[in-house]
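Reader: I should like to learn how the terms used for a protein model are justified. May I put some questions about the structure shown here?

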Amino acid sequence: EIEEPSIINKKVYKKELYYLQIELLKLQEWLKQTGKTVIIVFEGRDSAGKGSTIKKFTENLNPRHYNVVALGVPTPEERQSWWDRYRSQIKKGMINFFDRSWYNRGLIEPVMGYGSPEEYEEFMENVEHFENDLVREGDFLFKLWFSIDKETQKRRFDIRQKSPLKYWKYSPNDSKMQDLWDRFTEFKEKLFDKTSTVNHPWVIIDSQDKRISGLNAIRYILKNIPYQDKNTEVLNAEYPEVLTVLRP
């Protein structure tokens with residue numbers, strides 16, 4: 001298996017991840033005690049590192065107290081009840097990881113031509129209300145966007161196709177994404193302009209270096225939740241140039 005290069009060596013990376021995963025366990029215990037819920041949306045282009053980052057989060061968590069949501073193609077009924085489709089997946093008192101999310105309707109569907117203009121407009125008009133409603137009881141919602149360039153995406157697609165363990169991640173739609181790069185960018189920018197709100201801004205994470213983007217993603221979440229017994233020394237050792245919060 002080909003391992004991507006990184007500006008930090010494996011020993012340093014493993015040490016930093018170890019202490020961050022300890023903090024994640026503290027967060028998980030705090031959620032069990034308080035009943036609070038965390039929802040984390042992972043979005044970005046194909047091969048940007050969403051799934052691998054979720055694995056970094058969950059590697060040592062108690063599997064009974066987190067929830068990974070990766071939905072497939074919606075049925076006709078689910079297309080009619082878009083918000084309920086995703087709301088019903090959220091488990092209270094847990095960390096909920098959405099490997100792609102309700103934002104499929106605002107991005108993948110219009111880019112690929114799967115949805116109608118009316119569905120797109122309805123989504124863009126109502127997503128802010130939907131997200132505010134999700135956390136009205138003091139829960140937490142984070143929207144992470146993993147960013148890569150076109151050349152990195154192509155290189156990762158090539159690696160996937162050649163890998164005996166990851167070939168299944170490559171689909172016919174992946175090849176189309178290289179051709180639709182500019183169209184994807186157009187809808188991505190519309191999405192940021194409309195849906196990066198005061199309460200729930202998009203957090204852009206440069207994921208050209210997967211080790212650093214994974215560490216930064218975990219740190220950002222932990223720093224923005226008031227769980228008990230935080231180790232601030234661990235949380236402050238970030239790579240700030242890799243993370244940008246899109247304030248409206």
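Reader: Why does Asp133 count as buried, partly exposed or exposed?

Author: Asp133 has 23% relative accessibility. Buried means under 20% relative accessible area, exposed means over 50%, and partly exposed lies in between (1.4 Å probe, protein chains only). Asp133 therefore counts as partly exposed. Please note that this is a predicted model, in which local features need pLDDT of at least 70 and side-chain atom pairs count only at pLDDT 80 or more, while totals for chains, interfaces and linings use all residues. Residues are numbered from 1 along each chain as its sequence is written, and side-chain values use heavy atoms, with hydrogens and water left out.

Reader: What makes the contact of Asp133 and Arg87 a salt bridge?

Author: A salt bridge is a side-chain nitrogen of Lys or Arg within 4 Å of a carboxyl oxygen of Asp or Glu. The side chains of Asp133 and Arg87 meet at 2.9 Å, N to O, so the definition is met. Asp133 lies in helix α6 (residues 117-134) and Arg87 in helix α4 (residues 82-87), so that the pair links distant parts of the chain, 46 residues apart. Helices (H or I, at least four residues) and strands (E, at least two) are DSSP runs, numbered from the N terminus. Arg87 has a relative accessible area of 32% and is therefore partly exposed.

Reader: Which parts does the pair of Lys143 and Glu131 tie together?

Author: The side chains of Lys143 and Glu131 form a salt bridge at 3.1 Å, N to O. Lys143 belongs to strand β4 and Glu131 to helix α6, so this pair ties together parts that are twelve residues apart in sequence. Both Lys143 and Glu131 are buried.

Reader: Why are Lys154 and Asp158 separated by about one helical turn?

Author: They are four residues apart in helix α7 (residues 150-162), hence the separation of about one turn. An α-helix has 3.6 residues a turn, so residues three or four places apart point the same way. The side chains of Lys154 and Asp158 meet in a salt bridge of 3.3 Å, N to O. Lys154, at 44% relative accessibility, counts as partly exposed, and so does Asp158, at 27%. The structure holds 19 salt bridges, and a network of them links Arg79, Arg105, Glu109 and Glu119.

Reader: What makes β2 and β6 the edge strands?

Author: The open sheet has six strands in the order β2-β3-β1-β4-β5-β6, with mixed pairing. Strands β2 (66-69) and β6 (243-246) each pair on one side only. Two strands pair if DSSP finds at least two bridges between them. Five bridges join β4 (residues 140-147) to β5 (residues 202-206), and these strands run parallel; the definition of pairing is therefore met. Phe146, for example, has Ile205 in β5 as its bridge partner.

Reader: Which residues form the nonpolar patch on the surface?

Author: The patch consists of Tyr18, Tyr19 and Ile22, with about 290 Å² of accessible area together. Accessible areas come from the Shrake-Rupley method with a 1.4 Å probe, and for residues only the protein chains shown count as cover. Patches are made of residues with over 30% relative accessible area and no salt bridge; like charges are joined within 9 Å, nonpolar side chains (Val, Leu, Ile, Met, Phe, Trp, Tyr) within 5 Å. Ile22 lies in helix α1 (residues 10-34). Ile22 has a relative accessible area of 32% and is therefore partly exposed.
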